[in-house]
Amino acid sequence: MNDTRPRLILLHGFPFDGTLWEPQMSGLADAARVLTPDLRGFGRDEREVPDAMTMDAFADDVIALLDEQRIDRAVIGGLSMGGYVALSIVERYPDRVQALVLCNTRATADTLEAREGRYATAMRALEQGMDVIARGMVPQLIMPRTRTERPELATWLEELMKRQRPDAVAAASLGMALRPDRMALLPRITVPTLIITGEADTLMPLPTSQAMADAIPDNHLVIVPGAAHVSNLENAGFFNAELSAFLRGLP
Ligand code: MLT
């Protein structure tokens, strides 16, 4: 029988790899054929990275993967940095996008201050390694309550970050600093778009998602309760139910 499930490409955030989407790989199998690639230099991807890996370069890699797998169009989803890549894809390769899923992300460029932070992160990764970065990031990713009630999730996230290559982390950090503002693109997005964020995401506060929802014509905004930045992990059941409903409703 013909498999009519849409193709869903989920792009991970920084500094993770495709494993970030573990609860979605099995949880969404009825609703989509899910691919969770490691972006260049992350996870099992052993390719060299340039000094700065731009979001457009990551996007080009994703399109090359679609070509390789003979996938004409797919639902493109991304969390945070993965969302920056998804926006690059919809702007530069609109014909390859069936629908869009923007999780815990933003369309604006970095402020000057945020850029300074990226340079510092890149230097820290190269000079001190991933342990320091991983330890410092966990509190920003999940709610304090989750850290207390599910310490194994905090440990899992920390280990995931520690496994990443410092040169890839530095390159992605510098690449994010270079990304353009894509707010003007949003009104031109014609595909159905699901915007998801966590109720307690301090890295991408709710107004950030609301601003995208105000600008994208065909969108649905979902706020995940009991979740901060990695809403797909912290409340995977709710996240998967919303994403499944969106996928099943696609024309
Ligand atoms: C991410 O989770 O990918 C990062 O928080 C993105 C960012 O630093 O802008």
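**Histidine 12 and the ligand site**

Histidine 12 lies in the loop between β1 (7–11) and α1 (22–27). The model is predicted. Histidine 12 has 0% relative accessibility and therefore counts as buried, the cut-off being under 20%. Its side chain makes polar contacts with backbone atoms. One partner is the backbone oxygen of phenylalanine 16, which the side chain of histidine 12 reaches at 3.3 Å. Another is the backbone nitrogen of leucine 39, reached by the side chain of histidine 12 at 2.9 Å.

The ligand was examined next. The residues around the ligand are Gly13, Phe14, Ser80, Met81, Tyr84, Arg118, Met176, Met204 and His229. By class, this shell holds five nonpolar residues, three polar residues and one charged residue. The space that the ligand takes is the largest pocket.

Polar contacts to ligand oxygen atoms come from both backbone and side chains. A backbone N or O atom of phenylalanine 14 lies 2.7 Å from an oxygen atom of the ligand. For tyrosine 84, a polar side-chain atom lies 2.5 Å from a ligand oxygen. For arginine 118, the corresponding distance from a polar side-chain atom to an oxygen atom of the ligand is 2.7 Å. On its own, the ligand has 270 Å² of accessible area, and the protein covers 91% of this.

Note on methods
Residues numbered from 1 in each chain as written. Predicted model: local features only at pLDDT ≥ 70, side-chain atom pairs only at ≥ 80, totals over all residues. Heavy atoms only, no water. Near = heavy atom within 4 Å. Polar contact = N/O pair within 3.5 Å; in protein donor to acceptor, adjacent residues only side chain to side chain. Areas by Shrake-Rupley, 256 points an atom, 1.4 Å probe, with all protein chains shown as cover. 1 Å grid on protein atoms, 1.4 Å probe; cavity = no way out; pocket = protein on both sides within 12 Å on 5 of 7 lines; lining within 4 Å. Sits in = over half its atoms within 2 Å of the grid points. Nonpolar A, V, L, I, M, F, W, Y, C, P; charged D, E, K, R; others polar. Helix = DSSP H or I, 4+ residues; strand = E, 2+ residues; numbered from the N terminus. Buried < 20%, exposed > 50% of the residue type's maximum accessible area, 1.4 Å probe, protein only.
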